[in-house]
Amino acid sequence: MVNNQNMPKEKGLDHTISLLKEGYNYIYNRKDKYHSRVFQTRIMGEKANCLIGTKEAELFYDNNKFIRKGAAPSRIQKTLFGEGGVQGLDGEKHHHRKAVFMSFMTKEMLSEVKELTEMEWERAITRNQTEEFNVYEEAKRVLTNVAMRWVGIPMQEDERELTDELDDLFEDASAIGLKHWKARMSRSKTEDWIKQLVLDIRNGKLTVDQRRPLYQFSMHRDLDGQLLEPEIVSVEVLNLIRPIVAVSVYVDFTILASIQFPKEVEKLQQGNDKQLQFFIQEVRRFYPFFPFTVARVKKGFEWNGYTFEEGTLTLLDLYGTNHDPEIWKEPDHFLPDRFKEWNGNPFDFIPQGGGEFDIGHRCAGEWMTIDILKVTLNYFVNKISYEVPQQDFTYSMNDIPSLPASRVILENIRRK
Ligand code: HEM
């Protein structure tokens with residue numbers, strides 16, 4: 001007999017509207033209301049368990065208890081992730097595919113990303129010294145170029161058009177109506193284009209750098225020794241390009257933080273790697289990006305008196321865990337030095353997911369994200385000077401992604 005009477009339940013038929021309204025704070029608010037880090041609600045007509053906190057994250061990343069198959073809503077798969085990619089795999093199939101992603105995160109390949117990032121910022125500044133400089137728009141262009149070169153894609157399309165299509169994939173991924181369809185069209189257009197590259201590589205019409213992800217995924221074999229369908233290669237290649245471009249959101253927040261917390265910037269002036277790291281970690285903890293991640297209960301189990309029923313959708317609160325006062329002192333203050341004391345627990349600081357990289361679903365690009373942001377922060381703080389005109393820095397707590405209203409505009413950029 002299934003009995004989950006101990007799990008607090010949100011009353012009512014459906015709570016999707018409250019989730020949309022309260023956004024990043026939805027789960028956090030109910031943790032206080034129910035005095036529980038585990039509760040049940042209903043979202044999009046479906047029962048959903050919600051979890052927040054360190055022990056709860058550890059539970060969520062237990063592969064014996066949760067799976068990803070069928071967890072992400074299909075509209076998000078059709079835009080953000082693509083169908084058939086690593087996010088929806090479990091067990092051996094997941095480990096085998098994830099290993100390909102992690103094989104690119106070597107010291108050498110990460111150094112290349114850092115070099116490319118600095119080089120592209122140099123180009124952006126050269127293009128733009130006299131005009132108003134929109135940090136977010138420039139970052140998308142910079143990171144599209146970084147992503148294409150690093151992944152090993154020959155740049156043939158119009159650069160601006162490609163940037164627009166790639167950012168549709170994350171800016172409008174959770175949108176409804178027309179914007180959602182625009183995102184789907186952008187995905188299908190970019191997927192088709194990459195599929196053609198895969199076919200050309202396989203039949204020898206196109207020669208590309210063999211160390212790079214485009215070639216590696218094109219020639220990767222699954223557990224049965226078969227080449228992946230070109231559609232799947234395309235989804236996985238976009239699983240690298242799209243999030244690299246999406247780091248622009250964090251770039252915008254990083255520059256915003258450097259404007260809003262000038263005392264913290266004084267500590268960065270010698271380009272000290274540790275201080276840069278603390279600052280970036282705090283940006284990733286402090287500002288909103290992904291509100292939560294999702295899985296399904298693999299097989300019914302009991303945990304701390306709560307019953308988890310097989311198949312139930314389960315949300316782990318990423319933003320809320322990063323703002324949990326039981327983990328973080330003064331969670332609503334921007335204090336990079338808190339990371340001097342942080343012990344590296346894989347379940348308490350989870351802006352890009354938690355647990356292990358290789359056997360879990362933790363973000364494959366976390367180290368790369370930190371590297372791109374460190375290079376960018378050092379560049380803006382130590383290599384250029386600029387003025388900051390009056391603008392609107394407010395950001396919403398229910399848009400995904402959330403961004404400062406004016407995107408961070410700079411003027412009179414000069415090299416130091
Ligand atoms: C913009 C900064 C980024 C954020 C906020 C972010 C966030 C996330 C989150 C929340 C997950 C899901 C974790 C889970 O479900 O347990 C994830 C997974 C993933 N991310 Fe990122 N990510 C970022 C950048 C990147 C970059 C730069 C790359 C690649 C270069 C990348 C590649 C991936 C992949 C491949 C997965 C799927 C991993 C799996 O299912 O095993 N991400 N990311």
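## Exercises: backbone, sheet, cores and ligand shell

Asn412 lies in strand 10. Keep that residue in mind, and remember that you're looking at a predicted model.

**Exercise 1.** Compare the backbone and surroundings of Asn412 with those of Glu330.

*Solution.* Start with Asn412. Its phi is positive, about 50°, although Asn412 is not a glycine. Now count its neighbours: 13 other C-beta atoms lie within 10 Å. Exposed would need 12 or fewer and buried 20 or more, so Asn412 comes out as partly exposed.

Next, find Glu330 in the loop between helix 14 and helix 15. Here, too, phi is positive, about 45°, and again the residue is not a glycine. The count for Glu330 is 9 other C-beta atoms within 10 Å, so this one is exposed.

**Exercise 2.** Say whether the peptide bond from Ile400 to Pro401 is cis or trans, and place Pro401 in the chain.

*Solution.* Check omega first: for this bond it is near -5°, and the bond is cis. Then look at the elements on either side. Pro401 sits in the loop that runs between strand 9 (384-387) and strand 10 (409-415).

**Exercise 3.** Find the buried side of helix 2 and what it packs against.

*Solution.* Step one is to list the buried residues of helix 2 (residues 26-34): they are Tyr26, Ile27, Arg30 and Lys31. Step two is to see how they spread around the axis. They cover an arc of only 135°, which puts them on the same side of helix 2. That spacing fits a simple rule: an α-helix has 3.6 residues a turn, so residues three or four places apart point the same way.

Step three is the opposite face, turned away from the buried side, where you'll find the exposed residues Asn29 and Asp32. Step four asks what the buried residues touch. They pack against helix 1 (16-22), helix 14 (318-321) and four strands, namely strand 1 (38-43), strand 2 (46-51), strand 5 (292-297) and strand 8 (313-317). To finish, step just past the helix: helix 2 is followed by His35, whose phi is positive, near 50°.

**Exercise 4.** Put the five strands of the open sheet in order, and pick out the ones at its edges.

*Solution.* Go pair by pair. Strand 2 and strand 8 run parallel and share four bridges; Leu51, for one, has Leu316 of strand 8 as its bridge partner. On to strand 5, which pairs with strand 8 in the antiparallel sense over five bridges. Leu316 turns up again here, as the bridge partner of Thr293. Strand 5 also pairs with strand 3, antiparallel over two bridges, and Phe66 has Val297 in strand 5 as its bridge partner.

Put together, the order is 1-2-8-5-3, with mixed pairing. Strand 1 and strand 3 (66-67) stand at the edges; each has a single partner strand, so one side of each has no neighbour in the sheet.

**Exercise 5.** Decide whether the faces of strand 8 are buried or exposed.

*Solution.* Sort the residues by side. In a regular strand the side chains alternate between the two faces of the sheet. For strand 8, one side has Leu313, Leu315 and Asp317, the other has Thr314 and Leu316, and all of these are buried. That makes five of five residues buried.

**Exercise 6.** Describe the largest nonpolar core and find which helix gives the largest share of it.

*Solution.* This core has 60 residues, and the ones touching the most other members are Ala147, Val151, Val237, Ile241, Val283 and Leu373. Several helices give two or more residues to it, among them helix 6 (107-127), helix 7 (135-151) and helix 9 (178-202). The largest share, 18 residues, comes from helix 11.

Zoom in on Ala147: leaving out residues up to four places away in sequence, it touches Leu240, Ile241, Ile244 and Val245. There is also a second, separate core of 27 residues, which includes Met7, Leu19, Leu59 and Leu315.

**Exercise 7.** Work out which residues surround the ligand and where they come from.

*Solution.* Of the 25 residues around the ligand, Pro243, Thr293, Gly353, Cys363 and Gly365 come nearest. Split by class, the shell has 15 nonpolar, eight polar and two charged residues. Helix 5 (91-103), helix 11 and helix 15 each supply at least two of them. Helix 11 gives the largest share of this shell, with seven residues.

Conventions:
Residues numbered from 1 in each chain as written. Predicted model: local features only at pLDDT ≥ 70, side-chain atom pairs only at ≥ 80, totals over all residues. Core = buried A, V, L, I, M, F, W, Y, C linked by C-beta atoms within 7 Å. Contact = placed C-beta atoms within 7 Å. Near = placed C-beta within 6 Å. Nonpolar A, V, L, I, M, F, W, Y, C, P; charged D, E, K, R; others polar. Arc of directions from axis to C-beta. Pairing = 2+ DSSP bridges.
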